[in-house]
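Me: I would like to understand how the words used for a protein model are justified. Could we go through them one at a time, setting each value against its cut-off?

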Amino acid sequence: MRIGGALFLIAVGAILKWAVTRDHLSGIDMHVVGVILLVIGIVWLLFEVFYWLSRRNRTTVVARAPGTVYLDPADPVDRY
């Protein structure tokens, strides 16, 4: 939903910037509002992309030799 929200803002901003023919609505410039929404949507989208790319790089791969037993001190020990 995060990337979807950014795409939604970009779409609404583009519609207000290029598709709306009425420039002003009660003192509000629709083209300026469209540009603002476009910029916010693009920044949001870039933030989300960099966030997901940074999460991908946090993966740790552990290679173990076959036949070797590793004990984790946090695991409960079966005493029976």
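**Reasons behind the words**

Reply: Let us begin with helix 1 of this predicted model, where G5, A6, L9, I10, G13 and L16 are buried. These residues lie on the same side of helix 1, because they cover an arc of only 140° around the axis. On the other side of helix 1, F8, W18 and A19 are exposed.

Me: Why is G5 called buried?

Reply: The word buried is kept for residues under 20% relative accessible area. G5, which is found in helix 1, has a relative accessibility of 13%, and therefore counts as buried. As for its surroundings, the C-alpha atoms of G5 and G41 are separated by 7.9 Å, although these two residues are 36 residues apart along the chain.

Me: What makes A14 partly exposed?

Reply: Partly exposed is the range between the cut-off for buried, under 20%, and the cut-off for exposed, over 50%. A14 has a relative accessible area of 25%, so A14 is partly exposed. A14 lies in helix 1 and, when residues up to four places away in sequence are not counted, touches A19 and L38. Its C-alpha atom is separated by 9.9 Å from that of V33, a residue 19 residues apart from A14 along the chain.

Me: Why is I3 called partly exposed, and which residues does I3 touch?

Reply: The reasoning runs as before: the relative accessible area of I3 is 34%, so I3 is partly exposed. I3 also has its place in helix 1, and it touches L45, E48 and W52, again not counting residues up to four places away in sequence. The C-alpha atoms of I3 and W44 are separated by 7.9 Å, while the two residues are 41 residues apart along the chain.

Me: How do you know that the span of helix 1 is close to what is expected?

Reply: Helix 1 covers residues 2-19, which gives 18 residues, and at 1.5 Å a residue the expected span is 26 Å. From its first C-alpha to its last, helix 1 reaches 25 Å, which is close to that expected value.

Me: What makes the side chain of H31 and the backbone oxygen of K17 a polar contact?

Reply: For a polar contact, a suitable pair of N or O atoms has to lie within 3.5 Å. The side chain of H31 reaches the backbone oxygen of K17 at 2.8 Å, so this pair meets the cut-off. H31 lies in helix 2, residues 30-56, and, leaving aside its neighbours within four places in sequence, H31 is in contact with L16, K17, V20 and D23.

Me: How is the chain arranged as a whole, and how many helices and strands are there?

Reply: There are two helices and two strands, and along the sequence they follow the pattern α-β-β-α. Of the 80 residues in the chain, buried residues make up 16%. Among contacts with a separation of 6 or more, 57% come from residues 24 or more positions apart.

Me: Which element has the highest mean pLDDT, and which has the lowest?

Reply: Helix 1 has the highest mean pLDDT among the elements of the chain, 93, whereas strand 1, residues 24-25, has the lowest, 76. The chain averages a pLDDT of 81, and 72% of the residues score at least 70. Where pLDDT is low, the predicted coordinates should not be read in detail.

Technical notes: Residues numbered from 1 in each chain as written. Heavy atoms only, no water. Helix = DSSP H or I, 4+ residues; strand = E, 2+ residues; numbered from the N terminus. Polar contact = N/O pair within 3.5 Å; in protein donor to acceptor, adjacent residues only side chain to side chain. Contact = heavy atoms within 4.5 Å. Expected span 1.5 Å × (residues − 1). Buried < 20%, exposed > 50% of the residue type's maximum accessible area, 1.4 Å probe, protein only. Arc of directions from axis to C-beta. pLDDT = per-residue confidence, 0-100.
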